[in-house]
Amino acid sequence: MLPILCQSLGLSSPSFEAVLKCEHKYWSRLEQRRVIPEYIPDFCVVDPFKDDYHQQITLDYPFWLKPVKAVSSFLGFMVRNDNELETAIEEIRKKIHCFAAPFNYLLQFADLPDDIADIDGYHCIAEGIISRGQQCTLEGYVFDGQLCVYGAVDSIREGKHSSSFSRYQYPSSIPQPIQDKMIAVTERFLTYIGFDNGPFNIEYYWEEESDQIWLLEINTRISKSHCPLFRNVDGMSHHQVMLALALGKQPVFPHRQGPYRYAAKFMWRAHSDAMVNRVPTEQEVQAVTRRIAGTEIQLHIREGMHLSDLNYQDSYSYEIAVVFIGGDSELELLQKYRDVQEALPLELVPLS
């Protein structure tokens, strides 16, 4: 909605078309294939509501299947055989409307090319596997045609297919020459689609053995999950970048002026359904954050609920809480997280 509103008011923002060329996963891959084909996987579009969905898929197993518009890995499935494909399609058909309906409302305001006009929010994209390497996200912006990346954040995964986020950690451990290559690829693509005067975050995988990088996806916004990380390490939330761009100003962002050398967002997960028997009180949470310096805890659960009642989870786990932590080493971050988990009186009863 942002570029539509800004255009009507004469305010600075990326164009609606440039935003859609990032946010519509299938349209984005088509544009990427035109300018950076060596950094993307094979892909194809799938209509999950047609009986011949299996014949539409041109990829061999395994592959990832996900809606052309979703969030936080919602309805993203690793598909390894016909049975898993059938299960994924069934689940997608039941839940895809959550994001497809509002996305389709916005698509009516776009002048879509012929190869995209019929690919609405009720479609999916199948993509080859690129998730074998180390994942990181570049946070940056484009201002008056000049691209700037001010931070790179590692994404560490866990669980079945290593598909669930375990933590985001800043700064990234990926070597600077590899980050520079990612920045160059990013600049090529965003310049090609005419993205300007807006923030972005872009996700890559790096395969260390071959030095191959793969572009996963682009989001035309800052990541709110990274805000406390930048505040802890650089001394300021990157909301400041977003606000400066909204005012038509060149962002000025500090570097390594925060209280800690490292910061992370830990996603506390359960990998099977359970009933929540006990959650910490607000006073108990505050007592833990006072005792363990540099921590902030956000609980997503309440007593008596089932974890399956949580909204918009990934396909293989349940996020029960997030813990933001600052420290002076990775070891300190990990130790503080273990201390938080041990200190919080949280009880889950497995469901048989």
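Helices (at least four residues) and strands (at least two) are taken here as DSSP runs, numbered from the N terminus. With that naming in hand, the loop between α4 (53-56) and β2 (63-67) turns out to hold Pro 62. The model is a predicted one, and in this model the peptide bond leading from Tyr 61 into Pro 62 is cis, its omega sitting near -5°. There is another cis bond to point out, between Tyr 170 and Pro 171, with omega at about 0°. Pro 171 belongs to the loop that runs between β7 (164-170) and α8.

β7 also takes part in an open sheet of eight strands, ordered β9-β8-β5-β6-β7-β10-β13-β12 and paired in antiparallel fashion. At the edges are β9 (212-219) and β12 (295-299), each with pairing on one side only. Going from one strand to its neighbour, the turn averages 25° if direction is ignored. Further along the sheet, β10 (residues 262-270) and β13 (residues 318-327) run antiparallel and are joined by nine bridges. In this pairing, Arg 269 faces Glu 319 of β13. Back at the β9 edge, the loop between β8 (198-207) and β9 contains Asp 211. Asp 211 is not a glycine, yet its phi is positive, near 60°.

On to the helices. Two packed helices are described by the angle between their axes and the distance between the axes. For α2 (residues 16-23) and α8 (residues 176-193), the axes come within 9 Å and the crossing angle is roughly 135°. Angles over 145 degrees would count as roughly antiparallel and 65 to 115 as roughly perpendicular, so α2 is oblique to α8. On the α2 side the contact is made by Ala 18, Lys 21 and Cys 22, which meet Phe 189, Leu 190 and Ile 193 of α8. Sorted by class, the residues of this contact are five nonpolar and one charged, with no polar ones.

Lastly, the pockets. The second largest pocket holds about 530 Å³ of space. Its lining numbers 27 residues, and closest to the pocket centre are Glu 91, Lys 95, Gln 313, Asp 314 and Ser 315. α5 (82-95) and β3 (77-79) are elements that each give at least two residues to this lining. The largest share is that of α5, with seven residues. In terms of class, the lining of the second largest pocket is a mix: ten residues are nonpolar, nine are charged and eight are polar.

Key
Residues numbered from 1 in each chain as written. Predicted model: local features only at pLDDT ≥ 70, side-chain atom pairs only at ≥ 80, totals over all residues. Heavy atoms only, no water. Pairing = 2+ DSSP bridges. Axes fitted to C-alpha atoms, helices over the stretch in contact; angles between N-to-C directions. 1 Å grid on protein atoms, 1.4 Å probe; cavity = no way out; pocket = protein on both sides within 12 Å on 5 of 7 lines; lining within 4 Å. Points joined across faces, edges and corners; volume = space filled by probe spheres on them. Nonpolar A, V, L, I, M, F, W, Y, C, P; charged D, E, K, R; others polar. Parallel < 35°, antiparallel > 145°, perpendicular 65-115°, else oblique. Contact = heavy atoms within 4.5 Å.
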